[in-house]
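This briefing is for a reader meeting the structure for the first time. Please look through the sequence and the model before turning to the points that follow.

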Amino acid sequence: MNLIVALLTAVSLGLNLVLVGILFAGRNATVAKSDPTSPAATTRVQAPPAKGPSWTDYKTEDLPAMVQQLRDQGFPSHIVRAVAGGRIRETYAARLRALDPQSESRPFWQSPGSDVKLMQQQRQLYREQQQALRDLLGPEADQSDVNALYQGRRFDSVPPEKAADVRRILRDYDDRRSELFSAGSFGTSEQGRRVNALEQEQRDALAAVLSPLELEAYQLRNSDTARGLRSQLSAFNPSEDEFRTLYKLQSEYDAQFGRLYGMPSSEEQQRRSAALRQLNDQIKATLGPVRGAEYERANDYYFRQTNQLVNRLELPAETTTQIWGVKQDLEQRASAIRRDPSLPADDRAKQLAVLAEEASAKVTPLLGGARGLEAYQQNGGSWMQSLTPRPATATGTTRIITTPGR
Amino acid sequence: MKPVVLIVCTSLTANAALLGIFVARPTLAPPSVRSYFEFHSEAAPSARAPETGSSATTRPGKSPSVAAPWWQSLESPDLTTLVARLRAAGFPPAILRSIIDAEIEARFAPRIQELTRELNETPYWKPDPSLYAGNARLFESINQIYRERAQLLRGLLGQDAFAYSGVDPSAAQQRQYGNLSDAKISLVQRISDDYAEMMGQVRTAMQGVTLPEDREKLALLEREKRADLAAMLTPAELADYEMRSSPVTNRLRTPLSIMNASEAEFRTIFEIQRPYANVISPGVGVITMEMSQQRREATAKINEQIKAALGEARFAQYERATQSEFQQLHRLASAEGVSYDAMTKAFEVRGPTATASAAIMNDRNLNADDKRHALKNLAQTARTEILSTLGPTVGPAYAENARWLTHIAQGGSVSIMPDGNMSYRMSPPVNPAGAAPAR
């Protein structure tokens with residue numbers, strides 16, 4: 001009996017040692033491989049041959065059958081999607097190569113980018129591939145965390161049961177928009193008319209799927225008007241009610257004028273400017289005198305730039321308003337000097353130069369010294385240079401704009 | 001209880017527990033003995049074969065609900081093991097790449113979801129935190145994830161990381177790295193990733209505002225990156241790699257494609273351009289008037305040297321191809337099958353018309369009305385010539401977008417500067433004081 005107990009003890013303890021040894025060996029193997037970017041990991045690891053099926057068992061031209069097989073064999077959906085996507089790409093590979101036979105031999109200093117027709121044809125084939133994947137996998141085809149990130153706010157107000165319809169509509173109109181812009185970056189008024197018509201069509205298509213309240217919620221998050229407004233109001237910090245009020249007014253203006261493409265005629269420019277002034281007056285009247293003034297200031301591009309710089313330099317928030325006050329004061333005084341017909345040109349230039357010095361003396365300490373001033377001159381402070389009078393030209397009043405040629 | 005009995009009981013319990021752990025998670029065992037614990041994996045093929053009753057290669061039937069499906073024998077928390085198993089199971093490089101890329105993406109999901117949550121939780125009336133609104137921190141977070149994913153993929157797959165269905169991996173690699181060995185490519189990639197990460201951090205901290213010290217930091221990182229590359233590549237390899245990866249080459253690809261430059265022409269133009277790279281494309285921040293002036297001077301010097309090297313005719317083609325207006329015209333006209341000669345002829349209307357507009361504007365014998373009238377006529381003549389040269393589709397699109405033409409038609413004059421930039425003069429000013437700009 002004692003011998004049996006002794007033997008059992010010895011065998012069991014031996015097995016303890018073996019199993020603990022295996023556990024440690026396994027851990028070490030995992031730790032050694034846990035940094036797959038280490039040079040060791042780049043060498044091919046010889047795993048024991050996988051027992052059972054091989055890829056050739058599943059490499060069939062019948063893709064729905066393949067997908068079903070993979071699902072039955074426990075492949076998770078993201079892997080099924082990857083395999084199906086890979087197989088679909090293979091089926092399109094020959095057509096893609098035929099479109100651009102030079103793709104692999106093209107010298108590295110050249111690109112196919114200037115061939116618009118090729119780009120259009122390639123885009124069409126990519127779209128077909130995506131559609132084939134959707135046909136094969138259904139809603140699973142679009143489930144990706146990366147997609148969700150790039151969709152932004154597109155779906156956060158859409159009821160889940162309507163998301164597929166909304167996604168289909170957006171995809172359709174995104175494709176149609178990209179086709180419109182495919183011939184380079186020309187922005188013609190005809191192109192503008194078609195883009196604005198597409199926007200309206202998309203809105204109508206969404207209205208057929210979403211209730212009026214859902215559509216409003218969608219537009220408040222995703223429309224061009226809402227996006228433009230959020231960017232414009234970054235220094236205004238609106239409440240939800242204020243944002244909704246401004247959105248309503250701005251969307252009426254946008255509905256009337258649409259997005260601007262090409263060079264508007266001077267009559268069109270004047271019409272837009274007059275309507276914009278009217279819009280600003282309406283907004284200020286709605287917000288009241290205090291918030292109206294804050295809106296006007298925050299809506300100014302230079303104010304927003306200054307605000308950004310003040311944040312970057314980690315200066316007190318009120319610095320933006322203080323600099324803005326200096327700018328307003330000096331620009332008003334400069335304007336009075338320029339308008340004064342009794343001033344001889346030399347005196348006018350001298351007085352403006354004094355104002356420019358005053359500007360520099362007042363702004364520099366607010367921005368913490370010369371480093372801040374130098375940064376300000378490139379970020380919101382270009383008005384300081386404009387205080388200095390420009391040299392006269394042969395034609396008198398001249399407006400010079402330069403545009404990059406490359 | 002006797003101590004011996006206690007030891008035996010404890011030892012047997014420990015054995016049972018350890019065996020249970022290995023059966024539940026075979027991956028805890030080293031690969032050499034793992035198969036002893038993978039009872040489920042072995043069941044799959046034998047369960048499947050009788051069901052299909054024919055070669056699965058030609059007609060894969062629906063599998064029965066197997067107790068241990070195939071994926072269980074392939075999957076592993078360790079990606080290196082997963083790659084090895086997929087290779088052993090015969091997955092071709094492009095499918096392998098797809099699977100591993102998807103698996104890596106799944107492992108990065110929590111970080112992506114965290115970024116998405118941040119976007120979604122920002123109230124819709126607050127400034128847009130999205131990728132498209134210049135959010136440098138978010139942009140860098142995304143870039144960092146992509147860099148890490150690419151590093152992981154390359155580390156796991158080596159050259160197969162380039163295997164994208166339908167693309168020859170060696171051709172893609174050759175285009176990017178020339179004839180570098182795999183080991184050197186791996187080092188170049190690691191150096192590039194490391195510096196991209198450091199530069200990304202500098203850009204994130206900028207919050208959309210470039211200070212002089214930001215430019216200095218970025219320039220320093222560029223110099224250090226080059227020094228690191230120079231330490232592991234031969235001078236010839238470094239020169240070739242830089243030629244392939246340089247922003248100068250990127251910038252020149254479109255014009256060089258339009259003029260169909262030969263390798264000798266590319267190398268000549270590249271060598272002339274390279275010393276001026278940072279003046280022509282400063283990289284970050286606002287372009288000041290001083291920087292614009294330096295760019296104009298540099299362009300003049302570059303053009304002078306290229307003209308001397310290529311000759312008048314090829315230089316004219318090069319210069320035209322670098323103009324963004326011609327690039328747009330080329331894209332539009334190529335799509336409609338308009339010949340290169342017609343594009344050139346239409347584009348060349350601009351120069352003499354601009355010169356004539358300046359002459360009208362400076363003519364002291366003309367009053368304001370006469371000038372406006374003459375400029376309008378001049379624009380009309382130019383427009384007619386463009387339409388007749390480019391045809392009814394491309395002609396109107398080009399004419400409508402030629403800002404210089406619209407400006408002259410509205411009573412202004414245009415001057416084309418040596419670097420291709422244009423200056424516009426209008427008399428009197430168009431906008432009344434205080435008028436808000438159009439949106």
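What distance should the 23 residues of helix α5 (residues 77-99) of chain A span? At 1.5 Å a residue the expected value is 33 Å, and the end C-alpha atoms are 32 Å apart, which agrees. The coordinates behind this come from a predicted model, and the points below take up its confidence, its helices, its salt bridges and two residues of chain B.

**Confidence of the prediction**

- Chain A has an average pLDDT of 82, and 83% of its residues score at least 70.
- Over residues 27-46 of chain A the pLDDT stays under 50, although the model has 27 contacts beyond four places in sequence for this stretch.
- A further stretch of chain A, residues 392-406, likewise has a pLDDT that stays under 50, and here the model has 42 contacts beyond four places in sequence.
- Where pLDDT is low, the predicted coordinates should not be read in detail.

**Helix geometry in chain A**

- Helix α5 of chain A, whose end-to-end distance agrees with the expected span, nevertheless bends by about 45° at A:Y92.
- In helix α14 (residues 289-298) of chain A, A:E294 and A:R291 lie three residues apart, about one turn of the helix, and their side chains meet in a salt bridge with an N to O distance of 2.7 Å.
- An α-helix has 3.6 residues a turn, so residues three or four places apart point the same way.
- Both partners of this bridge are partly exposed, A:E294 at 27% relative accessibility and A:R291 at 21%.

**Salt bridges across the structure**

- Over all chains, a search of the whole structure finds 46 salt bridges.
- One of them pairs A:R71 with A:E140, the closest N and O atoms being 3.3 Å apart.
- This pair links distant parts of the chain, since A:R71 belongs to helix α4 (residues 63-72) of chain A while A:E140 sits in the loop between α6 (116-137) and α7 (145-151), 69 residues apart.
- The two ends of that bridge can be described separately: A:R71 is partly exposed at 33% relative accessibility, whereas A:E140 is buried, with a relative accessible area of 18%.
- Another salt bridge is formed by B:D214 and A:R312, with the closest N and O atoms 2.7 Å apart.
- Because B:D214 lies in helix α11 (residues 212-232) of chain B and A:R312 in helix α15 (residues 301-312) of chain A, the pair joins two chains.
- Both of these residues count as buried, B:D214 at 1% relative accessibility and A:R312 at 12%.
- In chain A, a network of salt bridges links A:D329, A:R333, A:E358 and A:K362.

**Two buried residues in chain B**

- B:D160 is placed in the loop between α8 (136-157) and α9 (169-177) of chain B, where it counts as buried at 11% relative accessibility.
- The side chain of B:D160 makes a polar contact, at 3.1 Å, with the side chain of B:R87.
- B:I145 lies in helix α8 of chain B and is buried, with a relative accessible area of 3%.
- Leaving aside neighbours within four places in sequence, B:I145 is in contact with B:F108, B:R111, B:I112 and B:L115.
- B:I145 and B:G337, by comparison, are 192 residues apart in sequence and 43 Å apart in space, C-alpha to C-alpha.

Conventions. Residues are numbered from 1 along each chain as its sequence is written. Chains are lettered from A and ligands numbered from 1 in the order in which they are written. This is a predicted model: local features need pLDDT of at least 70, side-chain atom pairs count only at pLDDT 80 or more; totals for chains, interfaces and linings use all residues. Side-chain values use heavy atoms; hydrogens and water are left out. pLDDT is the predictor's confidence in each residue, from 0 to 100. Contact means heavy atoms within 4.5 Å. A salt bridge is a side-chain nitrogen of Lys or Arg within 4 Å of a carboxyl oxygen of Asp or Glu. Helices (H or I, at least four residues) and strands (E, at least two) are DSSP runs, numbered from the N terminus. Buried means under 20% relative accessible area, exposed over 50%, partly exposed in between (1.4 Å probe, protein chains only). The expected span of a helix is 1.5 Å times one less than its number of residues. The bend at a residue is the angle between axes fitted to the seven residues ending there and the seven starting there. A polar contact is a pair of N or O atoms within 3.5 Å; within protein, one must be able to donate a hydrogen and the other to accept it, and residues adjacent in sequence count only if both atoms are side-chain atoms.
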